[in-house]
Amino acid sequence: MEKKTDTGCHLSVHGHFYQPPREDPFTGHIPREPSAAPYANWNERITAECYAPNARVGNFERISFNVGGTLARWLDQHDPGTYQEIIGADRVHRDAYGTGNGIAQSVHHTILPLARRRDKICQVHWGIASFEHRFGRRPEGMWLPEMGVDYETLEILAAAGLRFTIVSDEQVYPRSSAGNWEAAGGPYRVSLPNGDSIAVFVRDRVLSNSLSFGMPALAQVDQWLGDQLTGQRHQNGLRIVATDGETFGHHHRHGVEVLRRILSGCESHGCALTTLPVYLDQHPPQSEIKVVENTTWSCSHGLDRWLVGCPCTSGDSRWKGALRRALDNLAGDLDRVYSCEAQQLGFKPWPLRDRYIDVVLGKVSGEKFLNGNGLGHLMSAETQRLLGLLEAQLYRQRMYTSCTFFFDDLDRYEPRYAIGNAIHAVALTRDATGEELSHGFRRDLSVARSVKSGLTGADILDEIVSRARIAARPGPPRRTDQGP
Ligand SMILES: [Zn+2]
């Protein structure tokens, strides 16, 4: 990989490594997933097919990457060897180039343009804290879930000290054209409404998709490199492949070796391999672009896939809007109860919630956390009540993971995960304050209906609650894991 500044052709690959959270919110354990056989669940299977072999052959050292917080937590607990190899890859890169190649991700994979401002701030802050906890340094960049972008999110990234993010070429303008390949991947400067600015890399959608959806056979990799990287219009500037990391090994079994050969073979085609943080150091933004707000890389209908449904998923997707309304109404109730408590006890609710990630990560106990935040004087009952409400805010954040709305039907484990986390937040609030929020939530959920099974969201809620009762232990439900 090159160290010096150079204006020739450059290639960078960014892998977004992520799994939807699979844990039962009441036990912290992943139920057995028969479809992942011979492995116990999909996390184990994808680790064996993708994360472990990519780490073993050194691919993580040569790409830039982000590992979602929920996946990082699982790897740390279940395959510490692979986890350490991935963390170590960032360290190797830092030793060689003065900057690491891992970047952060907003923590729960929420579609940020659909979140209110204080939740965007929380997601970004928790993502930075999770990254620091795992990689032992401040992140320089942040991956936006589904590349969902709006200017408010970019302002929050810049205010948090992040230098860059990545979007897809259909999300910016002026768009790259055949006559403007010199600067195709950027980085570009994006001026923000508050007067700040941030660097934005632009992935090459066609190039990225040619790996994601048409990965060459091993014998064709050299020809693929020649076709993609040579020719007049590709002589200068940066070309970025950015895609799901699982493309390499899980979606395409031979993808680990294809990636290894691309990374080691591109230089023989006159194209220097680089990573995004290194390239940004060497090539500060020279020109400016604008982003198309409320767009993503995985839906051509704005944010509809996660909001009201769109042709990206088949069938009747009215459940999406109904479920989102139920979650939003519940979130409003949870926030009202927490804010009232803050007012009574005299603290600012949202900055305290932002800092609560230290408890979530297991860095400090709840009591010590309150002590360190000027709340050591509280009576024991007040302390327990406040810690219960802060914990409820964790589950309230988790219920907005984008996977909930990504697929075609309500009666799948992803929407069940959201409803399960919501129930957990309701239970914690009930235990802390005696306030019962489940009736309104259940009523709202009754509007959402699965086309496939006919179950409503309320039916699913009842199922989850009765199963949780069977497994219930005395006392309030407690988190059994450490991590976001
Ligand atoms: Zn769509």
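## Around Val200 and beyond

Biologist: Let's start with Val200: leaving aside neighbours within four places in sequence, which residues is Val200 in contact with?

Modeller: Keep in mind that this is a predicted model. Val200 sits in strand 8, where Thr165 is its bridge partner. Setting aside the neighbours within four places along the chain, the contacts of Val200 are Phe164, Thr165, Val167, Gly186, Pro187, Tyr188, Val190, Ile289 and Val291.

Biologist: How many residues are in the largest nonpolar core, and which helix gives the most to this core?

Modeller: Val200, Leu327 and Ala422 have the most contacts inside that core. The core counts 128 residues. With 10 residues, the helix that gives the most to this core is helix 16 (residues 413-433).

Biologist: From which domains does this core draw at least three residues each?

Modeller: The domain assignment of the chain lists domain 1 (9-298) and domain 2 (305-470). The core takes at least three residues from each of domain 1 and domain 2.

Biologist: What separates the centres of these domains?

Modeller: Contacts link the domains: 21 residues of domain 1 touch 21 residues of domain 2. Taken over C-alpha atoms, the centres of domain 1 and domain 2 are separated by 28 Å.

Biologist: Back to strand 8: is it mostly covered or mostly open, and in what order do the strands of its sheet come?

Modeller: Strand 8 (residues 197-203) is mostly covered, with six of its seven residues buried. On one flank, strand 5 (residues 164-168) pairs with strand 8 in the parallel sense over five bridges. On the other pairing, strand 7 (residues 188-191) runs antiparallel to strand 8 over four bridges. That gives an open sheet with mixed pairing, in the order 5-8-7.

Biologist: Which strands stand at the edges, and why is one side of each left without a neighbour?

Modeller: The order in this sheet is 5-8-7. An edge strand here has a single partner strand, so one side of it has no neighbour in the sheet, and that is the case for strand 5 and strand 7.

Biologist: Which residue in the turn between strand 7 and strand 8 has a positive phi?

Modeller: Strand 7 and strand 8 form a hairpin with five residues between them. Within strand 7, Arg189 stands opposite Ala199 of strand 8. In the turn, the residue with a positive phi, about 95 degrees, is Gly195.

Biologist: What lies across strand 5, strand 7 and strand 8?

Modeller: The element in question runs at about 115 degrees to strand 8. Spanning residues 151-159, it is helix 5.

Biologist: Where do the buried residues of helix 7 fall, and what covers them?

Modeller: Val221, Trp224, Leu225, Gln228 and Leu229 are the buried residues of helix 7 (residues 221-229). Seen down the axis, they fall within an arc of 100 degrees, so they line one face of helix 7. Their cover includes strand 1 (9-17), helix 6 (205-212) and helix 8 (255-265).

Biologist: And helix 6: which residues are buried, and what covers them?

Modeller: Leu207, Ser208 and Leu211 are buried in helix 6. Their arc around the axis is only 100 degrees, which puts them on the same side of helix 6. The covering elements include strand 8, helix 7 and strand 9 (237-244).

Biologist: Which residues are buried on the faces of strand 2?

Modeller: In a regular strand, side chains alternate between the two faces of the sheet. Strand 2 (residues 64-67) runs parallel to strand 1, joined by four bridges. Both faces of strand 2 are covered, with Ser64 and Asn66 buried on one side and, on the other, Phe65 and Val67.

Biologist: Which prolines follow a cis peptide bond?

Modeller: Most peptide bonds are trans. One cis bond runs from Ala37 with omega near 5 degrees, and another from Tyr173 with omega about -5 degrees. The loop between strand 1 and helix 1 (42-56) holds the proline of the former, and the loop between strand 6 (172-173) and strand 7 that of the latter. The prolines are Pro38 and Pro174.

Biologist: Is Met147 buried or exposed?

Modeller: Met147 is in the loop between strand 4 (142-143) and helix 5, and its phi is positive, near 55 degrees. A residue needs 20 or more C-beta neighbours within 10 Å to count as buried. Met147 has 20 of them inside 10 Å, so Met147 is buried.

Note on methods. Residues are numbered from 1 along each chain as its sequence is written. This is a predicted model: local features need pLDDT of at least 70, side-chain atom pairs count only at pLDDT 80 or more; totals for chains, interfaces and linings use all residues. A residue is buried if 20 or more other C-beta atoms lie within 10 Å of its own, exposed if 12 or fewer, and partly exposed in between; C-beta atoms are placed from the backbone. Helices (H or I, at least four residues) and strands (E, at least two) are DSSP runs, numbered from the N terminus. Two strands pair if DSSP finds at least two bridges between them. A nonpolar core is a set of buried Ala, Val, Leu, Ile, Met, Phe, Trp, Tyr and Cys residues joined through C-beta atoms within 7 Å. Domain bounds come from an automatic or database domain assignment. Two residues are in contact if their C-beta atoms, placed from the backbone, lie within 7 Å. The arc is that of the directions from the helix axis to the C-beta atoms. Axes are lines fitted to C-alpha atoms, for helices over the stretch in contact, and angles run from 0 to 180 degrees between N-to-C directions.
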